Amino acid sequence: MPAIFQISQIAWVLPGSIAGGSALPDESVYLGNDAQANAELLKFSAKPYLDSVKGYLDPGGHLALAACSLLRKSSAWLQGESAPAADIGLVSLSRFGGASSGFYFFAQMEQKGPRLASPMIFPHSYASSAGNLAAIEFAWSGAHMVYFGKQDCRETLEYAAARLTQGSIEAMVILVYEAVPAQLMPAERKILNGAIAMLMMKSCPEAAALRFNLPQLRQMQPVYSEEGSLQDMLKMLQQLKNITEDK
């Protein structure tokens with residue numbers, strides 16, 4: 001009998017919607033991809049959601065940290081004493097990573113020269129920065145993985161399932177984010193900005209947003225929406241939910 005896994009809690013910062021709980025976001029929240037609301041997310045600040053971050057953050061870092069904070073606040077398990085930080089892993093996924101910071105940094109190099117471009121910005125252009133900062137901020141020191149580029153978003157769930165089956169962690173936070181300025185893309189290319197954070201565990205009797213096994217996950221075709229990893233993940237989760245509910 002294949003092992004059953006579940007997405008116990010889910011939280012997101014999406015255009016026009018900020019929420020956390022035990023249900024997947026409604027498709028109407030993200031399929032419309034409102035251009036103005038999408039662009040406004042690049043100005044979003046995570047600082048009201050955090051205790052310690054006071055310096056520069058990439059827009060993707062703001063979105064990712066806020067989604068993780070909302071996830072933690074919506075999960076009694078993550079807040080309880082039964083969730084040691086060493087038993088919580090984190091896997092992150094982004095198609096474009098810290099593209100905004102990369103753009104800002106090289107714009108400063110062009111305008112000010114390489115000796116005066118801010119050294120604070122450059123490290124935030126790494127695709128690993130948002131996930132690393134979340135792990136540090138919330139002390140999630142279990143198994144850690146970063147996926148970047150045109151990746152099959154199911155890889156994040158596969159990695160989490162492998163670590164949960166191995167027993168090296170009790171739960172995995174899955175973090176997916178995008179924060180891409182319009183000037184970095186052709187006019188017709190729309191990227192869904194925002195972040196989603198999910199708590200994945202072995203199945204238990206408590207309410208959950210989604211339950212699945214690996215054969216169900218693997219029978220799906222890869223999802224490449226060309227609107228970024230966030231859109232891919234949201235579409236994949238909805239398809240997986242439809243598959244599991246049909247069984």
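Helices and strands are here DSSP runs, numbered from the N terminus. The model is predicted.

**Exercise 1.** Determine where Pro 15 lies and whether Pro 15 counts as buried or exposed.

*Solution.*
Step 1. Strand 1 covers 4-14 and strand 2 covers 17-21; Pro 15 lies in the loop between them.
Step 2. The relative accessibility of Pro 15 is 10%. Buried means under 20% relative accessible area, so Pro 15 counts as buried at 10%.
Step 3. With neighbours within four places in sequence left aside, Pro 15 is in contact with Val 29, Ala 37, Asn 38, Leu 41, Leu 192 and Asn 193.
Step 4. For Glu 40, 25 residues from Pro 15 along the chain, the C-alpha separation from Pro 15 is 7.8 Å.

**Exercise 2.** Identify the salt-bridge partner of Glu 40 and classify the accessibility of Glu 40 and of Lys 43.

*Solution.*
Step 1. Glu 40 forms a salt bridge with Lys 43. The closest N and O atoms of Glu 40 and Lys 43 are 3.5 Å apart, and the criterion requires a side-chain nitrogen of Lys or Arg within 4 Å of a carboxyl oxygen of Asp or Glu.
Step 2. The class "exposed" begins over 50% relative accessible area. Lys 43, with 65%, is therefore exposed.
Step 3. Glu 40 has a relative accessible area of 41% and is therefore partly exposed.

**Exercise 3.** Analyse the salt bridges that Glu 226 forms with Lys 150 and with Arg 189.

*Solution.*
Step 1. The side chains of Lys 150 and Glu 226 meet in a salt bridge, with an N to O distance of 3.2 Å. This pair links distant parts of the chain, 76 residues apart: Lys 150 is in the loop between strand 4 (144-148) and helix 7 (154-166), while Glu 226 is in the loop between helix 8 (214-218) and helix 9 (229-246).
Step 2. Glu 226 also forms a salt bridge with Arg 189, the closest N and O atoms lying 3.2 Å apart. Arg 189 belongs to the loop between strand 5 (171-178) and strand 6 (194-202) and Glu 226 to the loop between helix 8 and helix 9, so the pair ties together parts that are 37 residues apart in sequence.
Step 3. Lys 150 is partly exposed at 47% relative accessible area, Glu 226 is partly exposed at 32%, and Arg 189 is partly exposed at 24%.

**Exercise 4.** State how many salt bridges the whole structure contains and which residues are linked with Glu 226 in a network.

*Solution.*
Step 1. A search of the whole structure finds 6 salt bridges.
Step 2. Arg 95, Lys 150 and Arg 189 are linked with Glu 226 in a network of salt bridges.

Methods. Residues numbered from 1 in each chain as written. Predicted model: local features only at pLDDT ≥ 70, side-chain atom pairs only at ≥ 80, totals over all residues. Heavy atoms only, no water. Helix = DSSP H or I, 4+ residues; strand = E, 2+ residues; numbered from the N terminus. Buried < 20%, exposed > 50% of the residue type's maximum accessible area, 1.4 Å probe, protein only. Contact = heavy atoms within 4.5 Å.
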